[in-house]
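Please open the structure in your viewer and keep the selection tool at hand. The stops below indicate what to select next and what is found there.

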Amino acid sequence: MNTRLLPLYATIAIFVLAYALAYSQFPAMLSTRVIGNLLTDNAYLGIVAVGMTLVILSGGIDLSVGSVIAFSGVFIAVALRDTGLHPLAVFAALLLLTTVFGAGMGFLIDRLAMPAFIVTLAGMFLARGAAYLLSVQAVPITHPFYKLLQDAYWLMPGRGRLTLIGVLMLAVVALGAVVAHRTRFGTSVYALGGGAQTARLMGVPQGRTTVLVYAFSGLMAGLSGIVFSVYTGSGYSLATVGTELTAIAAVVIGGTLLTGGSGTMIGTLVGVLTMGLIQTYIVFDGSLSSWWTKIVIGLLLLGFILLQKGLLRLSQRGR
Amino acid sequence: MTVLSRIAPQLIVLAALIALVSVFYPGFLSIDIQNGRPVGPVIDILKRSAPVALLAVGMTLVIATRGIDLSVGTIMAICGAAAAWALTQGLGAGAAIALALTAGLAAGLWNGVLVAVVGIQPFVATLILMTMGRGVAQLITEGRILTFTDPGFGWVGSGVALGLPVPVWIWLATAIAVAVIMRRTALGLLVEAVGINRRAAHLAGVNATVLLIAVYIASGFCAALAGIVVTADIRGADANNAGLWLELDAILAVVIGGNSLLGGRFSVAASVLGALIIQTISAGILLAGFASEYNLIIKAGLVLIILVLQSPRIASEWRLWRDSHRAERGRT
Amino acid sequence: MLLSIRSLTKVFPGTRALDDVDLDIAAGEVHALLGENGAGKSTLIKCLTGAYLRDGGTITLEGAPIDPRSTLQAQELGIGTVYQEVNLLPNLTVAQNLMFGREPRRFGLIDMRGMRSQARATLAQYGLSIDVDRDLGSYSVAIQQIVAIARAVEISGKVLILDEPTASLDAAEVAMVFDVVRGLRDRGMAIVFVSHFLDQVFDLADRVTILRNGRRVASQPIVGLSRMALVEQMLGRALEEVVASPAPEAEQAPAMLHFDGIGRAGVVAPFDLTVAAGEVVGLAGLLGSGRTETAEMLFGIRPAQTGTARDADGPLDLRHPRAAIAAGFGFAPEDRKTDGIVADLSIRENIILGLQARRGWARPIPRAEQNRLADDYIRQLDIRTSGREKPIGELSGGNQQKAVLARWLAMNPRFLILDEPTRGIDVGAHAEILRLIRTLTDKGLSLLLISSELDELVAVADRVIVLRDRAHVAQLTGAAVGADAIMHAIAGTGDAA
């Protein structure tokens with residue numbers, strides 16, 4: 001058996017087990033309605049987690065994504081309020097902006113040879129500050145096109161709604177999987193995460209790969225911002241505080257090694273759904289409080305980090 | 001003399017900032033006495049610096065060992081919640097403070113063990129508590145904002161003693177105590193040795209494991225003090241927002257203080273000055289009539305400048321450039 | 001000649017790492033490159049692979065001069081390298097590692113099936129049939145090395161440099177890798193083989209070049225060459241400044257330390273050792289013979305798994321460095337930069353660090369006392385510096401070494417382990433350190449001295465223990481301590497006891 005996939009199996013096992021437990025208590029958990037909501041409610045998180053997965057695989061971290069999502073929402077809302085542009089044009093401009101923003105951070109990380117978390121920390125301040133500058137208050141989005149986006153869903157058997165943003169999230173995960181697992185760029189990302197020195201010797205273009213990784217994360221954060229604005233119907237500069245942590249947790253619970261080089265996109269999807277499941281369970285239960293979500297997620301995070309650490313020790317001892 | 005020359009850049013920056021703000025707001029340095037309390041922008045800055053200055057003291061030690069503590073904001077929330085809980089249970093101010101400090105020490109121990117014994121990178125290890133801790137704080141407050149009316153505890157956050165707000169005395173005393181402990185004992189040297197070359201220090205007989213744990217415990221203790229001050233000031237514990245983002249301000253204060261993120265030589269005094277600089281900027285923006293929204297962007301700019309200054313790659317390229325320049329000059 | 005090197009020179013501040021070295025390598029031969037640490041082997045290889053830029057000389061490949069400026073460029077020119085530490089990525093699959101940068105693609109995406117089948121076909125040529133979809137890291141180091149060789153040959157195809165590829169392999173695995181190498185030689189590859197295992201060199205190589213102190217000592221076919229001659233050429237005979245031989249101890253002092261059956265599986269075979277007060281025990285052997293490992297075991301860095309240590313008062317705890325220090329041990333490691341100095345701290349702080357660590361943080365050494373200690377040792381050991389507050393990282397290697405020695409001397413140990421104390425130190429400082437060792441033992445300090453310089457051992461050691469293949473194979477005492485006898489023991493020939 002491939003020990004690299006062990007965390008992924010653990011992720012899937014935990015998800016299935018948790019779902020089974022929840023189902024035994026609340027049979028309604030296994031309805032298309034709950035599954036549809038699980039996808040819709042976590043769409044923005046899933047998308048941003050795809051970008052985060054690639055960043056973490058490369059051995060980096062991106063703390064700016066929560067702020068970028070908030071900035072995106074405010075940017076869209078203000079642009080739609082103050083200009084006559086069509087939302088699609090605004091989306092295109094926004095995605096260009098966040099991608100360039102990510103690329104800029106990647107460039108600095110590579111050129112300055114400084115830890116990614118401190119560079120993206122500056123990015124976090126910058127994006128949040130820019131969102132404040134655009135608007136401190138929440139700005140509602142009233143464009144008719146948004147109504148169209150929000151009402152786009154497919155009614156599944158059992159009256160569950162498979163929404164556009166839910167489907168988009170699944171599509172993005174698939175895209176992320178192709179990029180990570182089926183392109184030379186993806187292999188380079190894994191190589192960097194496995195060891196930058198060796199990767200360079202093998203011919204990985206370190207600078208270009210780093211820039212592209214953070215550009216991709218910026219793109220995903222922008223896309224996630226669009227999805228979040230569709231989901232909430234507004235833009236608010238104080239939204240999605242701490243989403244970077246949630247995304248990192250989802251990636252790690254999805255079986256990706258936080259130090260880079262090992263992990264899968266599908267695992268990240270399962271990680272996101274696991275976190276969504278915990279929240280759904282707490283809502284169903286009614287008596288449990290929402291803070292248990294954070295505690296359980298933290299414990300899962302610790303568990304997976306220890307699991308990875310243990311696997312590493314085992315493989316080193318085996319040699 | 002050496003201490004003064006070490007903190008000279010921070011002092012100069014602070015003086016320049018004060019001069020700059022005074023231009024926009026001439027009354028910046030004025031202090032009035034109202035109801036027997038001194039009031040004025042400077043007093044306000046000193047008081048508001050308390051949380052970040054306290055966090056920066058602990059963070060300085062952690063960063064000196066090549067580590068980082070991302071959980072300090074969350075520890076503040078936990079300790080604030082613990083104190084408020086004790087007060088609502090009628091346990092009194094002393095018990096509340098003791099409970100909060102114990103919680104901070106325990107949180108630091110948790111981080112320290114994960115880093116030094118389990119061997120998880122500091123950034124990852126403290127991320128766990130950062131994620132989980134607000135849940136713990138909410139568990140204590142049961143999701144509400146726990147308010148209390150204990151005047152004794154409130155005095156810690158908003159009282160005045162010997163002409164200065166109590167929080168100012170707390171951060172001054174903590175910074176001085178830590179600096180003195182570090183420099184009057186051998187702790188400072190040992191911490192620096194571990195941060196610069198953990199293996200060599202280990203081989204020379206330095207107990208790096210215990211030192212690392214101690215450093216994270218110190219950071220947890222400082223965070224607990226910060227949590228107490230904030231909770232006492234607003235007379236309530238807000239598990240969601242107490243200490244939010246302050247870990248970043250603390251890291252910023254430490255690097256503004258000229259301490260390298262790559263570990264080694266440190267100065268507690270310079271970090272505290274860094275905290276004052278951050279607070280002066282925020283206050284200056286407001287006093288000068290700008291929107292507070294600029295605050296974050298200015299901080300981002302500061303981080304960037306410091307990153308460029310500390311970058312090992314930029315430094316080596318600069319040396320190369322200088323040397324080749326010299327060599328050329330030597331030839332002609 | 002497929003590859004010709006002429007007058008290759010590389011200068012580092014303070015040393016000539018390579019001095020006018022010539023080397024010729026023919027197609028279809030395995031050419032061994034031998035030499036102790038600091039002889040210039042790795043510098044030569046780095047110049048060849050573009051990791052270093054040379055300061056002088058020419059490199060010709062197939063008659064055309066080449067000037068590789070990076071490892072990648074050298075690979076494209078036809079020079080591939082396999083290192084001791086497998087330089088592939090353990091977190092990628094075997095196929096990904098093998099095909100990295102050359103993956104077959106369809107519609108812009110990697111053709112997984114094509115990649116797999118190509119990888120399988122390539123490995124089949126090397127007699128390997130393994131699951132190429134598994135992580136490389138899940139296979140043994142031997143298989144990883146063969147994959148690394150396969151990748152280097154696929155990409156480069158003319159010259160293959162094997163830089164101590166067998167250091168972490170067992171005998172069966174070595175045989176497996178050697179079969180692959182012989183196959184490549186028969187296909188006409190030129191192979192440069194760096195190893196410090198003489199058996200392997202005799203087993204595999206056709207010709208051998210020996211480097212010492214950055215110069216080529218000899219280049220000759222291996223047939224008809226004796227082990228003794230090889231060892232003699234590698235270790236050299238004449239130390240530039242002769243240190244007079246010590247007066248033989250009139251009477252053997254009673255043993256101070258006893259190590260009984262001390263050993264660690266896979267690192268050092270169990271052995272017995274006693275050390276008397278004021279005695280210098282030398283540890284000889286080639287690189288990789290277990291010298292440093294023995295030192296690290298005694299000092300508790302990688303503690304012993306078997307055996308006991310005791311002194312006159314009872315058993316000693318040597319489970320970690322602090323315990324060893326408490327037992328009165330000291331250790332000046334070979335790699336000063338990573339294991340010895342704390343570069344950003346001052347000379348004073350480096351000197352008092354050990355003493356302070358032992359006293360505990362709460363009892364700081366008064367500053368005046370620190371200054372006195374630092375000044376004392378700077379004077380006694382003649383550390384060349386503008387002052388005691390200078391960061392130690394700015395000193396030269398020899399002065400750094402003296403400062404590390406001073407750290408231990410300040411702690412007044414009874415048993416000091418010196419691992420290559422004169423490595424990378426200029427001749428003058430070299431003699432000074434030897435003289436210093438002498439005065440130390442006169443004061444009753446016992447030493448374990450690890451050195452590749454035989455004359456150094458002969459000059460100062462009362463007793464020399466010889467290691468080969470991670471085991472103690474001989475012990476020479478008193479008048480028997482001589483360069484010839486040590487070399488015989490190292491080579492495993494002759495009459496050494």
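Begin by selecting chains A and B of this predicted model: 32 residues of chain B are in contact with 36 residues of chain A. On the chain B side, the elements that contribute two or more residues are α6 (122-141), α14 (294-310) and α15 (312-331) of chain B. Highlight α6(B) in particular, since this helix gives the most to the side of chain B that touches chain A, with 12 residues. Colouring that side by residue class yields 21 nonpolar, seven polar and four charged residues.

Next, display chain B by itself. Its secondary structure comprises 15 helices and six strands. Along the principal axes, the C-alpha atoms of chain B fill a box of roughly 80 × 55 × 35 Å. The radius of gyration of chain B is 21 Å, which agrees with the value near 20 Å that a compact globule of 332 residues would have. Of those 332 residues, 57% count as buried. Among the contacts in chain B between residues at least 6 apart in sequence, 78% join residues at least 24 apart.

Now move to chain A and select helix α13 (residues 265-285). This helix has 21 residues and reaches 30 Å from its first C-alpha to its last, close to the 30 Å expected at 1.5 Å a residue. Is α13(A) mostly covered or mostly uncovered? It is mostly covered, with 15 of its 21 residues buried. Step past the end of the helix to G286(A), which follows α13(A) and has a positive phi, near 80°.

The final stop is chain C. Select its six strands in the order β18-β19-β20-β15-β21-β22, which form an open sheet with mixed pairing. At the edges stand β18 (329-332) and β22 (471-477) of chain C; each has a single partner strand, so one side of each is left without a neighbour in the sheet. From one strand to the next, the twist averages 20°.

Within this sheet, zoom in on β19 (residues 415-419) and β20 (residues 446-450) of chain C, which run parallel and are joined by five bridges. Which residue of β20(C) stands opposite F415(C)? The residue is S446(C).

To finish, add helix α17 (residues 483-491) of chain C to the view. α17(C) lies across β15 (280-284), β21 (463-468) and β22 of chain C, and runs at about 25° to β21(C).

Methods. Residues numbered from 1 in each chain as written. Chains lettered and ligands numbered in written order. Predicted model: local features only at pLDDT ≥ 70, side-chain atom pairs only at ≥ 80, totals over all residues. Helix = DSSP H or I, 4+ residues; strand = E, 2+ residues; numbered from the N terminus. Rg over C-alpha atoms; globule rule 2.2 N^0.38 Å. Buried ≥ 20, exposed ≤ 12 C-beta atoms within 10 Å, placed from the backbone. Contact = placed C-beta atoms within 7 Å. Pairing = 2+ DSSP bridges. Axes fitted to C-alpha atoms, helices over the stretch in contact; angles between N-to-C directions. Expected span 1.5 Å × (residues − 1). Nonpolar A, V, L, I, M, F, W, Y, C, P; charged D, E, K, R; others polar.
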